[in-house]
Amino acid sequence: MLCQKALALYLHWPYCTSKCRYCAFNSVVCANPDHETWRWAIMKELDCESLLLGNRRLSSIYFGGGTPSLIPANCVSNIIDSAVGYWPSPDGIEITLEANPTTADRDKLRKYLSAGVNRLSIGIQSFNDELLHFLGRKHTAAQANNAFYTAQKAGFKNISIDMIFAIPGQTGSMLLDDLEMAINLNPQHISAYQLSIEKGAKLYTDYAFGHFDMPKENNIIWQFDEICRKLTSAGYKHYEVSNFAKVGYESRHNLTYWQYQEYLGLGPGAHSRIARSNEIFAAERTSNIQQWLNDPIGGGRTSKLSKENVLSEILIMGLRTAQGAMMSTLMDKVGPQETVNFLESPKIKELIKLGMLKKSSESMLIPEQHLLKTDAIIREILK
Ligand code: SF4
């Protein structure tokens, strides 16, 4: 019997071997991370959440970070076994682990595969050593390339690679070379993120001190257009602003966020969205790693989201995708009358008239040629 609501599970591993210059994630450099204490804390959270959530169907698990390829394979295996013990996955499960090119050899990758990990996301970022150096990555292009083939030889049949564009100093030919290399590897999934300068990252202060200039807007638009054109010509479906997949290889886990389904985030700084009695609750674990390790279920905060918050989140997430924000999700989670009022607002009508939004009886979406402006369009809608 296929019942129960689907649940996606995110697990945050906060350790890295070095800090990339653009990184503003909740991660710290640690030579010998205490994986046993991390595992204990995650297990404690799992145990507690299994009682609170009750019966669910687990659709995906995502080991993110940080650098999760530093986690010992037996630790990954224990956690997967516990999670699927609490919440079965009768219709299959996607289990992703993020890997850095220099942190997992073939033997370790094989063990991850045996543990149940069936999707690997490799942080390649660029195939150009100069750009990798600028980004503060500690691997070379050759090592990134090797990491991909090592994963294939280990037996992974669903590999995603992360790339970054709009890097200061990245010329048009550098971008085209990166795209050619990425396409030649023929991964099932490619994420191409525009470099953003986030507060908390080393790049943020370097930029403030004028150490480099960011690429001009017309250059960024050209790069994005080239990425879309080349990857779609190579058979990838552009299904989210920054994500491209071969047919059937869209990230099931990330679609949970974008389609505003329920997800549970465990680990320091992890977020959750859980529905209870027709209300949506947002939970956030403490981002203080030591505090979380000491008391994984004690810190953090949970709040009930207002209908306005839910509407905003459905749009922020849904409009990033080719499918758009679904009417059924809006009707179900915000309410039929509120949805109609929102869709009939002058702001929405104006954006439709300008061609920035398209509306049908099923969804509202941003046409592909305007996807790079997604954040600005959403800001316009929500202001
Ligand atoms: S970008 Fe990823 S690998 Fe680099 S420091 Fe941040 S979390 Fe670690």
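# A friendly walk through a predicted model

The secondary structure of this protein chain comes to 15 helices and 17 strands. The model is a predicted one.

Reader: What radius of gyration does the protein chain have, and what would a compact globule have?
Author: Let's begin with the whole chain, whose C-alpha trace spans about 55 × 55 × 45 Å along its principal axes. For 383 residues, a compact globule would have a radius of gyration near 21 Å. The protein chain agrees with that, since its own value is 21 Å.

Reader: What percentage of the contacts between residues at least 6 apart in sequence join residues at least 24 apart?
Author: Burial gives some background here: of the 383 residues, 40% count as buried. Now take the contacts between residues at least 6 apart in sequence. The share of them that joins residues at least 24 apart is 70%.

Reader: Which element gives the largest share of the largest nonpolar core?
Author: The largest nonpolar core has 73 residues, and those with the most contacts inside it are L9, L11, I61, V76 and I122. The largest share of this core is six residues, and they come from β1.

Reader: Which residues is L11 in contact with, leaving aside its neighbours within four places in sequence?
Author: L11 is one of the residues with the most contacts inside the largest core. With the neighbours within four places left out, the partners of L11 are I42, I61, Y62, F63, I79, L266 and G267.

Reader: How many residues are in the second, separate core?
Author: Good thing to ask after meeting the 73-residue core. The second core is separate, and V241, L357, L371 and L372 are among its members. Its size is 22 residues.

Reader: Why do the buried residues of α2 line one face of the helix?
Author: Helix α2 covers residues 73-86 and reaches 20 Å from its first C-alpha to its last, close to the 20 Å expected. Its buried residues are A73, V76, I79, I80 and A83. Looking down the axis of α2, you would find these buried residues on one face, because they fall within an arc of 125 degrees.

Reader: Which residues are exposed on the other side of α2?
Author: First, picture the covered side: what lies over the buried residues of α2 includes β1 (6-13), α1 (35-53), β4 (57-65), β5 (94-99) and α3 (106-115). Turn to the other side of α2, and the exposed residues there are N74, D81 and G85.

Reader: Is C75 buried, exposed or partly exposed?
Author: C75 has its place in helix α2. Leaving aside neighbours within four places in sequence, C75 is in contact with H35 and R39. A residue needs 20 or more other C-beta atoms within 10 Å to be buried, and 12 or fewer to be exposed. C75 has 17 C-beta neighbours inside 10 Å, so C75 counts as partly exposed.

Reader: What is the distance in space between C75 and A115, C-alpha to C-alpha?
Author: Along the sequence, C75 and A115 are 40 residues apart. In space, their C-alpha atoms are separated by 9.2 Å.

Reader: On which side of α8 do Q223, I227 and L231 lie, the same or opposite ones?
Author: Helix α8 (residues 217-233) has 17 residues that should span 24 Å, and its end C-alpha atoms are indeed 24 Å apart. Q223, I227 and L231 are the buried residues in α8. They cover an arc of only 45 degrees around the axis, so they lie on the same side of α8.

Reader: Which elements do the buried residues of α8 pack against?
Author: On the other side of α8, E217, N218, R229 and S233 are exposed. The buried residues of α8 have these packing partners: β7 (159-165), α6 (172-185), β8 (189-194), β9 (237-240) and β10 (243-245).

Reader: What is the phi of S277?
Author: Most residues other than glycine have a negative phi. S277 lies in the loop between β12 (271-276) and β13 (279-284), and it is exposed, with 5 other C-beta atoms within 10 Å. N278 shares that loop and has a positive phi of about 65 degrees although it is not a glycine. For S277, phi is also positive, near 45 degrees.

Reader: What is omega for the peptide bond from G65 to G66?
Author: Most peptide bonds are trans. G66 is found in the loop between β4 and α2. The bond from G65 to G66 is cis, with omega near 20 degrees.

Notes:
Residues are numbered from 1 along each chain as its sequence is written. This is a predicted model: local features need pLDDT of at least 70, side-chain atom pairs count only at pLDDT 80 or more; totals for chains, interfaces and linings use all residues. Helices (H or I, at least four residues) and strands (E, at least two) are DSSP runs, numbered from the N terminus. The expected span of a helix is 1.5 Å times one less than its number of residues. The arc is that of the directions from the helix axis to the C-beta atoms. Two residues are in contact if their C-beta atoms, placed from the backbone, lie within 7 Å. The radius of gyration is taken over C-alpha atoms; the globule rule is 2.2 Å times the number of residues to the power 0.38. A nonpolar core is a set of buried Ala, Val, Leu, Ile, Met, Phe, Trp, Tyr and Cys residues joined through C-beta atoms within 7 Å.
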